[in-house]
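Open the model in your viewer and keep the selection box handy. We will go from stop to stop, with something to pick at each one.

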Amino acid sequence: MAAPQATAVAAHPLDPLSADEIVRASAIAREHLGAPESLRFLLIAALEPPKRALHDAPRSAELLCFDTESGRTTELIVNLDAAAVTSATPRPGVQPFALFEEYERAEATIRADHDWRAAMAARGLSEPQIDLAFLHLWPTGNFGHKWETEHRILKGIVYLRDTPDDNAYGRPVEGLIAVVDLVQNRVLEVIDEPSPPPAPTALRFDHDHGGAPRRDLKPLDIVQPDGPSFTLDGHLLNWQKWQMRVSLHPREGLVLHQIAYHDDGRLRPICHRASMAEMVVPYGDPAVGHYFKNAFDSGECGLGRMTNSLELGCDCLGEIAYLDAAITDERGGARTINNAICIHEEDVGILWKHTYAKDDGAQSAVRRSRRLVVSSIATIDNYDYGFYWYFYQDGSWEHEAKATGIVQTMAIADDDPQITRHRIAPQLGAVHHQHFLSFRLDLEIDGGPNTVYEIDTVPLPRSAEYPLGNAFTAQATPITDESESGREVQAASARHWRIANDAARNPLGQPPAYLLIPGQTVSMMANEHSTIAQRAAFARKQLWVTAYDPDQRYPAGDYPAQSEPGEGLPQWLAANRPLENTDLVLWYTVGVNHLVRPEDWPVAPVHRAGFTLKPWNFFDRNPALDLPTPNHCAHHET
Ligand code: NI
């Protein structure tokens, strides 16, 4: 099959692939690989050029190809300009995330399995109950069992439903797990351990179960009669003095590129690329149906391809601009996620204010703060994750992750001691767990090179110089090489990190920098020798710093499904590259501690977690002095 002709539209090197480019890339790859019927495409994405050669590289696509009959994985690079394959790399022994069709086949395989149906029947379940049961297919991790080291597998856990749209998670059939081989399409094992029975009913989250909707909410409309203050030109976004490019990656989800700030006629680079590069959710219960739950929702599940189509007035409120995203349909065609990325503005209270005395009484000067929000939401089975980047008019920016959806449940006895889980409903427990999100921040303050300093606020000992004991200072310790990487938060010293361009100076003679300031976070509870701590080493510390390498993208390795210990960051850090005055990448881990509450059932309110980036010596004064007085302010101070 001949490759379709290129369209005339010239993409920016950092633009995601268009639907047309996806189809062309897959056609070129299919021809190269001999076009077997069993060839599938897990991922077709723009291959971003190395940042120092952005405009020199040909427009290229990276493809992750999987043969469903042989189970073989091949990575391809396709040069779209030349309509040719640049490289084809077989990856024996790895397990890329499962195809959607593999999930479907696995479910059908389990449902048809005689042993599984017999185990369900032995629990007193009728044929209609078995047919209506909900199967949740889980990546299994790797605990050294031959199913995990020699097969491509998922584990199916099962829940009872009264109707197809029931909240299945309310009635787990505890201790019954089917291990299914995705290539051989057969159940390898049915694990069946005596367990408490499922709860008789499930709480749902529709209006029938939530009570009559409240009637005392008055309308709250966001009105911007002249439209929003940002401009969106293709994927290029400008708002106030901020500029960036926005895209959706089929694995990482929302990606921001070339974040920069217009400062008095100069466009000052701040971050070449920012994304959530990996995440892992370790569960803390040893039961047979739970110990293996350690979802790497990005690399093991393909988070970006599960991005929601957002709805106006539901997910985002106000004057919204959306970006659609094209991803592969797994057979080489393209499918579009409409409204994949939401861009809007929000009023967020005051930015600065001061009330001062005047001859005729007190006077206030006040400026309101508005922020730009760039967001997307992905649903990975029971959980929903929102990713929100916020940009402010004082040069700061933030990430806020929002975790919501349905917690992992288990059937528990009335006398359950609730040690690694908590009762959330009658006969129903939820397992304590943690979410760790690894943000890859390819910062380039004023174009780089940069140095990262760890900043601890420390008291100065009493001495002749500081006799009163009131003195304290900010102690800055450079992270000099990768052996010093792997830093932890410390509330007592307000520890944060300063990323500085020591070769540049602000008008006060200081090197411009940004501060990386932790939000609420948590350490990993899994033992350092546990398989999950070894396979998700990034989650054991909050900050890692590496020298820039365009091939080092995923901190738990390129293929975290059923992976061996030590892939990704531990391998990179072994090189122990120097980090001062270098092109750096920061890997910041956001930890969410989830001790599950009854209030998280049957659907969990949003749990927020994130971090802030704040300018330090980047400007020589408050950069928001030039904001206008608010329109609706009764007084207008001069
Ligand atoms: Ni949670």
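What follows is a walk through selected parts of this structure, which is a predicted model.

**Stop 1: the nickel ion**

Select the nickel ion and show the residues around it. Which protein atoms act as its donors? They are Y383 (OH), H433 (NE2), H435 (NE2) and H594 (ND1), and they lie 1.8 to 2.0 Å from the nickel ion. Now turn on angle labels: the four donor atoms make angles of 93 to 141°, and the site is irregular. Since a tetrahedral site needs all angles between 85 and 135 degrees, the upper end of the range, 141°, is the value to look at here.

Along the chain, the donors follow the spacing Y-x49-H-x1-H-x158-H. Colour by strand and you will find H435 in β23 (residues 433-443) and H594 in β29 (residues 584-594), so this pair ties together parts that are 159 residues apart in sequence. Switch on a surface as well: are H435 and H594 buried or exposed? Both H435 and H594 are buried.

**Stop 2: H432**

Next, select H432, in the loop between β22 (428-431) and β23. H432 has 18% relative accessibility and therefore counts as buried. Follow its side chain to the backbone nitrogen of V596, which it reaches at 3.5 Å. Then show the contacts of H432, leaving out residues up to four places away in sequence: among them are Y283, G284, R421, H422 and L595. The nickel donor H594 is also touched by H432.

**Stop 3: the ten-stranded sheet**

Zoom out and select the strands of the open sheet with the order β15-β16-β17-β18-β19-β30-β27-β26-β24-β25. Its ten strands pair in the antiparallel sense. At the edges you will find β15 (321-328) and β25 (472-478), each pairing on one side only. Look along the sheet to see the twist: neighbouring strands are turned by 25° against each other on average, direction ignored.

Some individual pairings are worth a closer look:

- Strand β24 (residues 451-459) pairs with β25 over seven bridges, in the antiparallel sense; within this pairing, E454 stands opposite T477 in β25.
- Strand β26 (residues 496-500) and strand β27 (residues 513-518) are antiparallel partners with four bridges; here A500 stands opposite A513 in β27.
- β27 also pairs with strand β30 (residues 604-616), again antiparallel, over six bridges; I517 has T612 in β30 as its bridge partner.

If you display hydrogen bonds at this stop, keep one general point in mind. Strands of a sheet pair through backbone hydrogen bonds, either parallel or antiparallel.

**Stop 4: the four-stranded sheet and its helices**

Now move to a second selection, the open antiparallel sheet of four strands ordered β5-β6-β7-β8. Why does each of β5 (134-138) and β8 (186-192) have one side without a neighbour in the sheet? Both stand at the edges with a single partner strand, so one side of each is left free of a sheet neighbour. Neighbouring strands in this sheet are turned by 30° against each other on average, direction ignored.

Pick β5 together with strand β6 (residues 153-159), and you have an antiparallel pair joined by five bridges. In β6, K155 is the residue opposite W138.

Add helix α2 (residues 100-112), which lies across β5, β6, β7 (172-181) and β8 and runs at about 125° to β5. Then add helix α3 (residues 114-122): it lies across β5, β6, β7 and β8 too, running at about 175° to β7.

**Stop 5: R171 and E127**

Select R171 in the loop between β6 and β7. With 8% relative accessibility, R171 counts as buried. Its side chain reaches two backbone oxygens: that of A199 at 3.0 Å and that of P200 at 3.4 Å. Further residues that R171 touches include Y159, L160, D162, P198 and T201.

Finish with E127, found in helix α4 (residues 127-132). Its relative accessibility is 46%, so E127 counts as partly exposed. Draw a C-alpha to C-alpha distance from E127 to R117: the two are 8.5 Å apart in space and ten residues apart in sequence.

Methods. Residues are numbered from 1 along each chain as its sequence is written. This is a predicted model: local features need pLDDT of at least 70, side-chain atom pairs count only at pLDDT 80 or more; totals for chains, interfaces and linings use all residues. Side-chain values use heavy atoms; hydrogens and water are left out. Two strands pair if DSSP finds at least two bridges between them. Helices (H or I, at least four residues) and strands (E, at least two) are DSSP runs, numbered from the N terminus. Axes are lines fitted to C-alpha atoms, for helices over the stretch in contact, and angles run from 0 to 180 degrees between N-to-C directions. Contact means heavy atoms within 4.5 Å. Donors are N, O and S atoms within 2.8 Å of the metal (3.2 Å for Na, K and Ca); water is not among the atoms, so sites may look incomplete. Four donors count as tetrahedral if all angles lie between 85 and 135 degrees; four count as square planar and six as octahedral if opposite donors are over 155 degrees apart and all others between 65 and 115; anything else is irregular. Buried means under 20% relative accessible area, exposed over 50%, partly exposed in between (1.4 Å probe, protein chains only). A polar contact is a pair of N or O atoms within 3.5 Å; within protein, one must be able to donate a hydrogen and the other to accept it, and residues adjacent in sequence count only if both atoms are side-chain atoms.
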